[in-house]
Amino acid sequence: MVTVENLTVSYRQHPALHHISGRFVDGSLTAVIGPNGSGKSTLLKSIMGLLRPAGGRVQVNTPRARIAYMPQLTEIDRTFPMSVQDCVQLGCWAASGAWGGVTPALRQRVANAITEVGLTGFEQRSVGSLSSGQLQRVLFARLMVQDADLILLDEPFNAMDSRTTDALLALVHRWHTEGRTVVAVLHDDEQVRAHFDQTLLLARELVAWGDTHTVLTGPNLQRARALAEAWDDHADICHTDELPSLPKREAV
């Protein structure tokens, strides 16, 4: 589904991701973990095409309209005057287009999604009036409506109680059994071990990528911490002139 080749992504010419290579197999369920500032969110934004690589490339083998992305809550403007129903209805974009109407079938899909995440009765509430956990459920409902092939989740279970987290993890597993490719940035190692069969461990550099039981080992986690602690944000600029000349991002 996604191939990453020698990917370097920089902020102010200093790398947030440094020469990362690997692939997310079609239908896989992968957790992306690592210390704070290790490039996890940067990787998801690179897959989405929101960041331009300094070197290497990301190839996504599904149309842009078939990708769903949940950013961190801190990146969402909660002051925008929008109801829960309207926010979830944005997931109809790929099916209705910019000028098409929302059909009765799509409206029913929106209603079903709101019910499934436990927000019946909240349809006309403004998103700004919701708790962080309720807003996170709204975003999950929007993902359900999108019906995407590739689902990217950035810290999807923050501000969630355990009961809600369990319910939404069950939804993630359902997406996986339906053959969708799911990539989630997470912080809870035990949650990853229990629910994700593939793991990518980052510390700006690639530490390990593969079966979760072979990635989440003591030596790998220790190496990730050591790399994060040793990283010098004031080091020399990373030059990528030696990298092959490749397209910055491809989607087919």
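This is a short tour of one helix, two pockets and a set of paired strands in a predicted model.

Before you start: residues are numbered from 1 along each chain as its sequence is written. In this predicted model, local features need pLDDT of at least 70, side-chain atom pairs count only at pLDDT 80 or more, and totals for chains, interfaces and linings use all residues, while side-chain values use heavy atoms, with hydrogens and water left out.

**Stop 1: the helix α5**

Select residues 132-146, which form α5. Helices (H or I, at least four residues) and strands (E, at least two) are DSSP runs, numbered from the N terminus. The 15 residues of α5 reach 21 Å from first C-alpha to last, close to the 21 Å expected; the expected span is 1.5 Å times one less than the number of residues. Because 13 of those 15 residues are buried, α5 is largely enclosed by the rest of the structure. Buried means under 20% relative accessible area, exposed over 50%, and partly exposed in between (1.4 Å probe, protein chains only). Now step to Asp 147, just after α5, for a positive phi of about 55°.

**Stop 2: the largest pocket**

About 470 Å³ of space lies here. Show Tyr 69, Cys 87, Leu 90, Arg 142 and Gln 146, the closest to the centre among 21 lining residues. A pocket, on a 1 Å grid over the protein atoms alone, is an open set of points where a 1.4 Å probe fits, with protein on both sides within 12 Å along at least five of seven lines; lining residues have an atom within 4 Å of a point. Grid points are joined across faces, edges and corners, and a volume is the space filled by probe spheres set on the points. Which element gives the most to this lining? It is α5, with four residues.

**Stop 3: the second largest pocket**

Select Ala 16, Gly 37, Ser 38, Gly 39 and Thr 42, which lie nearest the centre of this pocket, lined by 16 residues. Its space is about 270 Å³. Colour β2 (14-24) and α1 (40-48) too, since each supplies at least two lining residues.

**Stop 4: strands around β8**

Select residues 198-203, strand β8, where five of the six residues are buried. β3 (residues 29-33) pairs with β8 in the parallel sense over four bridges, and β9 (residues 205-211) pairs with β8 in the antiparallel sense over six. Two strands pair if DSSP finds at least two bridges between them. Finish on Gln 198, bridge partner of Thr 30 and of Asp 211 in β9.
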